[in-house]
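Good morning, colleagues. Today I should like to speak about empty space inside a protein and the residues that surround it.

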Amino acid sequence: MIKTHILGFPRMGEQRELKMALERHWRGELDADALEAQAATLRARHWTLQRNAGLDHVTVGDFALYDHVANLIQLFGCEPARFGFTGRETPLQRYFAMARGTAAHVHADSCGCGAAPGEGVPALEMTKWFDTNYHYLVPEFDGATQFSLHAERLLAEVDEAIALPASPKVALLGPVSFLYLGKSKQEGFDRLVLLKRLLPAYEQLLTRLAARGVTWVQLDEPILGLDLPPAWADALRLAYARLGVVGQPLLLATYFSPLADNLNLACELPVAGLHVDAVRAPGELLAVAMKLPQDRELSVGVVDGRNIWRSDLDQALGQLRKVQALRGGRLWVAPSCSLLHVPFSLRDDKALDTELQGWLAGAVEKLDELRVLKRALWGDEASVARELAEARVAHAARAVSPRVRNGTVAARVKALPADADRRRSPFAARRAAQRQRLRLPAFPTTTIGSFPQTPAIRAARAAFKRGQLPEGDYRQAMQREIELAVRKQEALGLDVLVHGEAERNDMVEYFGEQLSGFAFTANGWVQSYGSRCVKPPVLFGDVSRPQAMTVDWTVFAQRLTSKPMKGMLTGPITILQWSFVRDDQPRADTALQIALAIRDEVADLEAAGIAVIQIDEPAIREGLPLRRADWGAYLAWATRAFRVAASPVRDDTQIHTHMCYSEFNDILPEIAAMDADVITIETSRSDMELLRGFGDFRYPNEIGPGVYDIHSPRVPDAAEMLRLLQKAAAVIPPELLWVNPDCGLKTRGWPETEAALQQMVQAAQTLRRQLA
């Protein structure tokens, strides 16, 4: 029997309805009931699409108002005690307090607002979901952590699906991955000991779901694609030995990476079915099909859930028919992972020409691909002959399209000198030259690059794109915003300024729009975190830079001030990672093409007199393969791409880079090998924990640990920032320290931005006096 299903669906809606509703709710313009009603409407709409595509089950439990891992924190009653919840708050108030932090607040008797008393509480730490650009909220565990089931929200969603009517399959993160992806908040505490406390809550949930009529529960254990320590592999055996006897059929799901040495473990766990990623690990598929007991269901993720290229349906059918023959005809067909990582739909996107549109597939189109595969595997290929023929034509056309290859780019890459990735002098010599040129104080203050994208900025940009605002008027409007940002920074006393990026829509999209080889969608949004959505470029061909991209804006800003003005660029690996990248050549080749384009921009900025140039690489850790054996090759070409971009400048030009929301300690030698003069990193949510590794490693260059979290509306005071800086100065030589926020400020408003930066500058000035 052939079945089709998905592991998850995009949450935001076709027109980002959830984003708009969340932000209205946070502004106080939409009450909780109205927010919940919008969420229910979206769920019903998405389930209807799944049902109409012929899926055998609709997926329930993948929807989240902020993050699916945060959903589990509430589902299993393990909200961190530090939030000080009193019980008077609603679950929704507590949920958003964990996600966004709480401001300083004094409770009225009947307030019930969800804010903790006292000085406010920082949000949960946020980090990347494996090697994607999605950010999850990190659970916090210690010896006092207890678990209890609070399933009302999930059960209500199950009831909604049944009433549609549809057959629900509940999808949740599995217990071992939930603990693995959390953090121990107690010195020396092993969070794995919590598994025996957690499993009873999962058992209770499975029992209640079975009583509700749920026939399948999908438990995601993506850590099966990692290099698992033996204790965690044993934990999986323990967990599924207990959960497997509850009586609720379980589909164990793994994705993003080959199973490798965990293949036998995954096939032996006592579950009713196993899902594997046949896009990331096609070479393992037949081994899994033969190893998995014949009484188990095998779900094959053959449609790419991570990228937007149209499936090669003939190739997919070839894979699936081999498995079908081995499994006696029993087979589930699915995307490789949740469709959370692709746009809702690209079928009628008005920004794409007909040729490009024919090469691409969003979530809705991928549902249709599952329908076609199912009909063909049933033996009814005639009923989908048209769809199969269209897919063949599209693949053939893309392979020979002259838009994809550029001989000039290929020749430049081939002629690149071997030392093109090296600065002229070692860091010590560069540092002396830069200090003489820049003459900065101790603990220099700066920001990461962007300032608030106000409604006026967004309105002007939208009017310009629609052709309703002449280019000259648009430039003047952006120059006014740049001058405003410069004057505010001068008034605050910052030492190295930025132009604020008023003219930029997104740190990757802005550059992709000016580079050859990229295309853009009108509505190809994907969720990054919370309500934050990004619209990744479509990187379909060879990359080059027709003309300068940032020089005019940066030079205009520099002329407004005598202080150093940073030129702001996005690095080659981040552009690669945050685009829907081509799959017809090695990623290393594409990265080098992008690096050469950025290199040209760096050279032009320096020639225009810009003394400080920042090349952001927040995604370099994100691109790391999940298997350690594959790290070396990736890091070699990724760090070389950065150095190629950064290396055409003189010694007295200071190169910065920025990284955020990832764990860096295990790749510090490679980060050091990037040889940026200054690196700024996110550290405030981890209370400078991430900085400890840089100190232990003795990171050789200058470093700016973020002193406050820009993803929260909370404004910490100078004393809190000073405490973090003092922790930083204890592990990093003070003469190497910079002072900055965690990340860019485009999502914040001006009042909180100015208030926070004022506190930051005050903290830096205090530290200068203390350590003078």
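I shall take the cavities first and then turn to a pocket. Please bear in mind that this is a predicted model.

A search of the whole structure finds six cavities of 30 Å³ or more. The largest cavity has a volume of about 520 Å³. Its lining is made up of 33 residues, and those nearest the centre are Met-507, Arg-532, Trp-578, Cys-743 and Lys-746. Three strands each give two or more residues to this lining: S14 (526–529), S15 (532–534) and S17 (566–570). Of these, S17 contributes the most, with three residues. In character, the lining of the largest cavity divides into 15 nonpolar, ten polar and eight charged residues.

The second largest cavity has a volume of about 110 Å³. It is lined by 15 residues, with Pro-10, Met-12, Gly-13, Trp-525 and Val-526 closest to its centre. Here the lining comprises nine nonpolar, three polar and three charged residues.

Let me now turn to the second largest pocket, which holds about 1300 Å³ of space. Among its 35 lining residues, Lys-19, Glu-23, Gln-453, Arg-458 and Thr-747 lie closest to the centre. Which elements each supply at least two residues of this lining? They are helix H1 (17–26), helix H17 (455–465) and strand S15. As for composition, 17 residues of the pocket lining are charged, eleven are nonpolar and seven are polar.

I would draw your attention to S15 once more, as this strand gives residues to the lining of the largest cavity and also to that of the second largest pocket. Thank you for your attention.

Technical notes: Residues numbered from 1 in each chain as written. Predicted model: local features only at pLDDT ≥ 70, side-chain atom pairs only at ≥ 80, totals over all residues. Heavy atoms only, no water. 1 Å grid on protein atoms, 1.4 Å probe; cavity = no way out; pocket = protein on both sides within 12 Å on 5 of 7 lines; lining within 4 Å. Points joined across faces, edges and corners; volume = space filled by probe spheres on them. Helix = DSSP H or I, 4+ residues; strand = E, 2+ residues; numbered from the N terminus. Nonpolar A, V, L, I, M, F, W, Y, C, P; charged D, E, K, R; others polar.
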